[in-house]
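User: Hi! I'd like to learn how to read a few features of a protein model. Could you walk me through them?

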Amino acid sequence: MYRNFFKPFFDFLFAVLLLLVSLPIICILAVFLIFQNRGNPFFYQRRPGKNEKLFTIVKFKTMTNEKGENGNLLPDEERLTTLGKWIRKTSLDELPQLFNVLKGEMSFVGPRPLLPGYLPLYNDFQKKRHLVKPGITGWAQVNGRNAITWEKKFEYDVFYVQNCSFVLDLKIILKTIQKVLIQKDINTKGMATTEPFQGTN
């Protein structure tokens, strides 16, 4: 009952309320990022959602599109702007995903939506993470986020899928607020973002 009715209802209700409250912040950040990025302040990318159905995720754009002499994008750490680093540390880059929640493509809590290129790399256990809607935050995010291995992230994701409840969601949201306030486990150690998933042996 909670997963199929109350959770979607709460997602929609709180997405509307938070959008109304955070709209001034979203507008201000968008203006600053337009100048910082010399263009679009938003980052759009296709991601797999529930049952691996693709949707377009929207986040604040924290990296430029600068390329090297060979025409390829520069490493993440070189393209990540000063403002972008701050936005990531405060997790404000996730704010536009409220629109994804409002559209029913995402939930507040669930496994983070990853890249479509990872889909063929998952084993049967890891694929279970797509049995629920992806979330803005999740059990893996509050238990290490980018500071843990991919294998551990997937263990936490599947644990959430198998144990989804109101109490667990509330616990994750409270721990997320705590993580944001102390700005912990934002990136993999020594990297601007995180290592790409290469599959498991």
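Analyst: Happy to. Let's begin with burial: a residue counts as buried when its relative accessible area is under 20%. In this predicted model, 45% of the 201 residues are buried by that cut-off.

User: Which helices and strands does the protein have, and in what pattern along the sequence?

Analyst: Reading along the sequence gives α-β-β-α-α-α-β-α-β-α-α, that is, 7 helices and 4 strands. The radius of gyration is 17 Å, close to the 17 Å from the globule rule for 201 residues, so the protein is as compact as a globular protein of that length. Along the principal axes, the C-alpha atoms fill a box of roughly 50 × 45 × 30 Å.

User: What share of contacts between residues at least 6 apart in sequence joins residues at least 24 apart?

Analyst: Contact here means heavy atoms within 4.5 Å. Of the contacts between residues at least 6 apart, 68% link residues at least 24 apart.

User: And how many side chains are positive, and how many negative?

Analyst: There are 28 positive and 17 negative side chains, with the centres of the two sets 5 Å apart.

User: Let's try one residue. Is Asp157 buried or exposed?

Analyst: Asp157 counts as buried because its relative accessibility is 4%, under the 20% cut-off. Asp157 sits in helix α6, which spans residues 150-163.

User: Which side chain does the Asp157 side chain make a polar contact with?

Analyst: That of Arg129, at 2.9 Å. Setting aside neighbours within four places in sequence, Asp157 is in contact with Pro111, Arg129 and Ala140.

Key. Residues numbered from 1 in each chain as written. Predicted model: local features only at pLDDT ≥ 70, side-chain atom pairs only at ≥ 80, totals over all residues. Heavy atoms only, no water. Helix = DSSP H or I, 4+ residues; strand = E, 2+ residues; numbered from the N terminus. Rg over C-alpha atoms; globule rule 2.2 N^0.38 Å. Buried < 20%, exposed > 50% of the residue type's maximum accessible area, 1.4 Å probe, protein only. Lys, Arg positive; Asp, Glu negative; His and termini not counted. Charge placed at Lys NZ, Arg CZ, Asp CG, Glu CD. Polar contact = N/O pair within 3.5 Å; in protein donor to acceptor, adjacent residues only side chain to side chain.
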